[in-house]
Amino acid sequence: MKRGSRPELLWGFGLNSSEAGKIEDSLGPGFFLRNFSERSLPGEKELSNNEKPAATWIPQRVWDELPEERRSAYRNLESTQRILIQDDMNHADLEKVLEDGFLAVVSSPLTSSKVQDALFRAKEISGLYGDLYRMTEEIILERELLSRKTEQLMFLNTVLSNATERLEVADILGQAAEDLKMLLPVYSVQGAFWDVLPTGKHIDAEIFINPGQVENVQNEWIELMIENVVALSGMEVSSYNMSETVPPGSNSMVYSPGSGRILALPLVARGDKFGCLVMLCERNVRLAKDQVATLNAAVNHLSLALSNAIMFNKIKTRANRDGLTRVYNRRSFDERLVEEFKRHQRLNTDLSLLMVDLDHFKAVNDTYGHMAGDMVLEKVARIFEKTFRSTDFIARYGGEEFVILLPHTKEEQAEMLAERVRAKIEASTMTYQDKSFNVSASIGVSSVCPGSLEKDSEIVRKADEALYDAKMQGRNRVVVSPMRPKLRIM
């Protein structure tokens, strides 16, 4: 018998010619019977084939001679129903038939009604099994979807909770790098933020990158971050400031931009783009649609948290800094002095202070106007920022006076720094409304050594006295306060 257009496949195990002929005649051309001889029953090759028979006809004489290993292999054909052909002489034990997993028992001799009835029951059971299998698959799929949605909700809740608990941009970015690993394989998370300048054509950028990077890797990241800022903002970067994120763990690894795949996502708050989140992921990362939606939701949460943190820092900066020069104000200096003095006493480190006063500053205001005086103060503040370390504390003490707190700095080092900044101020040409002029500064230096029992107010008093001496000696000079107090002779 030749197979037609995909007739339904049946197997026979060692059927004799009479049994095979009766089955073929009873079922007609819609079925194809493949009969295996007793010496070559289906092996591993046939059992692993994708096309499985709808039913298998097995004479009792053949089944009884099979080893248990082969029987077990045939029992594992879950999608195939087995029909036992009972011999004339031997009657099968019903319990044994059920244990072996046979669907039906057909007695010899075979007739068309017996064959058709057995196959009908086989197809009915197969259909029932198929329905149950599909229902089970649907239930499993629904459970998987529900589980994924639950995991995504837990992930978003974690991101939201951790982001809202923090008020510093560096802290939020550092924690986000850890949280996003719950969704996709993330190596690092970095960020960039911008402010549109008054011209409306350029922006100032604040770039947050991972700490501990070597110089060439750091430069690669800065270049990449600026490229993303330009692409997302549509403006050129006029200037930028670099800060570091705060990693949640001490064993954070540092990767270059070429170590994986870059995902750059815009940060939007109140309808405006204000920054971008740059993630480094595994090179072959692929996200399903629901994961993309979850990632976008997480970035929206982070956008709001980062926007609030930036706003908080701006308000905090306005409260802690001088509005004109943008260095710290007198109140911030008083607070920092107490902190540094406690650290000095606890760790037995050196601490120095410079008190700077611009010479004849009233004459600048009287000659060129108060706007010129403001310009001078701003320019001097920028000279300070370029001269001193990021760990040094620069503050406007009042009027034309500035103070610079120098942690871990000995007296001779402080004197050298004071002379350096005094020379820079003297060499700087001030220009206002096409008029050029120069200013100078007098500087008083004071220090406390490790183990000193002085109060924090003493270092300020001594610097003030040294500044007074510098003015009395003709201004535009540096004077160091002696370690021991002296009597001032009037």
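# A walk through the strands and one long-numbered helix stop

Start with the open sheet of five strands: its order is 2-1-3-4-5, and the strands pair in parallel. Keep in mind as you click around that this is a predicted model. Now colour the two edges of the sheet, strand 2 (31–36) and strand 5 (104–107), each of which pairs on one side only. Look along the sheet and you'll see the turn from strand to strand: neighbours are rotated by 25 degrees against each other on average, direction ignored.

Stay at the strand 5 edge and add strand 4 (residues 81–86). Four bridges join strand 4 to strand 5, and the two run parallel. For one bridge to zoom in on, select Gln-86, whose partner in strand 5 is Ser-107. What holds such neighbours together? Strands of a sheet pair through backbone hydrogen bonds, either parallel or antiparallel.

**Next stop: helix 6**

Select residues 112–164 to light up helix 6, then pick out Leu-128 inside it. Is Leu-128 buried or exposed? Leu-128 is partly exposed, with a relative accessible area of 46%. Add Leu-132 and Met-135 to the selection and switch on the surface: with Leu-128 they make a nonpolar patch of about 290 Å².

**Across to strand 6**

Now jump to Val-186, in strand 6 (residues 186–196). How far apart are Val-186 and Leu-128 in space? The C-alpha atoms are 46 Å apart, while in sequence the two residues are 58 positions apart. Unlike the partly exposed Leu-128, Val-186 is buried, at 5% relative accessible area.

**Strand 10 and its partners**

From strand 6, step over to strand 10: seven bridges join the two, which run antiparallel. To see them face each other, show Gly-191 and, opposite it in strand 10, Leu-277.

Then select strand 10 by itself (residues 272–281). Why is strand 10 described as largely enclosed by the rest of the structure? Because eight of its ten residues are buried.

Strand 10 also pairs with strand 9 (residues 261–269), in the antiparallel sense and over nine bridges. Show Ile-262 and you'll find it opposite Leu-280 of strand 10. Follow the chain from strand 9 into strand 10 and you pass round a hairpin with two residues between the strands; Arg-270, in the turn, has a positive phi of about 55 degrees.

**A cysteine check**

How many disulfides does the structure hold? It holds zero. Try Cys-281 as an example: the nearest cysteine sulfur belongs to Cys-276 and is 14 Å away, so no disulfide forms under a cut-off of 2.5 Å between sulfur atoms. Cys-281 is buried, with a relative accessible area of 0%. Select Cys-449 for a contrast: Cys-449 counts as partly exposed, at 35% relative accessibility.

**Last stop: a mixed sheet**

Finish at another open sheet, where five strands follow the order 12-13-11-16-17 and the pairing is mixed. Strand 12 (393–398) and strand 17 (478–480) stand at its edges; each has a single partner strand, so one side of each has no neighbour in the sheet. Here the twist averages 20 degrees from one strand to the next.

Zoom in on strand 11 (residues 351–358) and strand 16 (residues 441–448), which run antiparallel and are joined by eight bridges. One spot to label is Asp-357, which stands opposite Ser-442 in strand 16.

Notes: Residues are numbered from 1 along each chain as its sequence is written. This is a predicted model: local features need pLDDT of at least 70, side-chain atom pairs count only at pLDDT 80 or more; totals for chains, interfaces and linings use all residues. Side-chain values use heavy atoms; hydrogens and water are left out. Patches are made of residues with over 30% relative accessible area and no salt bridge: like charges are joined within 9 Å, nonpolar side chains (Val, Leu, Ile, Met, Phe, Trp, Tyr) within 5 Å. Accessible areas come from the Shrake-Rupley method with a 1.4 Å probe; for residues, only the protein chains shown count as cover. A salt bridge is a side-chain nitrogen of Lys or Arg within 4 Å of a carboxyl oxygen of Asp or Glu. Buried means under 20% relative accessible area, exposed over 50%, partly exposed in between (1.4 Å probe, protein chains only). Two strands pair if DSSP finds at least two bridges between them. Axes are lines fitted to C-alpha atoms, for helices over the stretch in contact, and angles run from 0 to 180 degrees between N-to-C directions.
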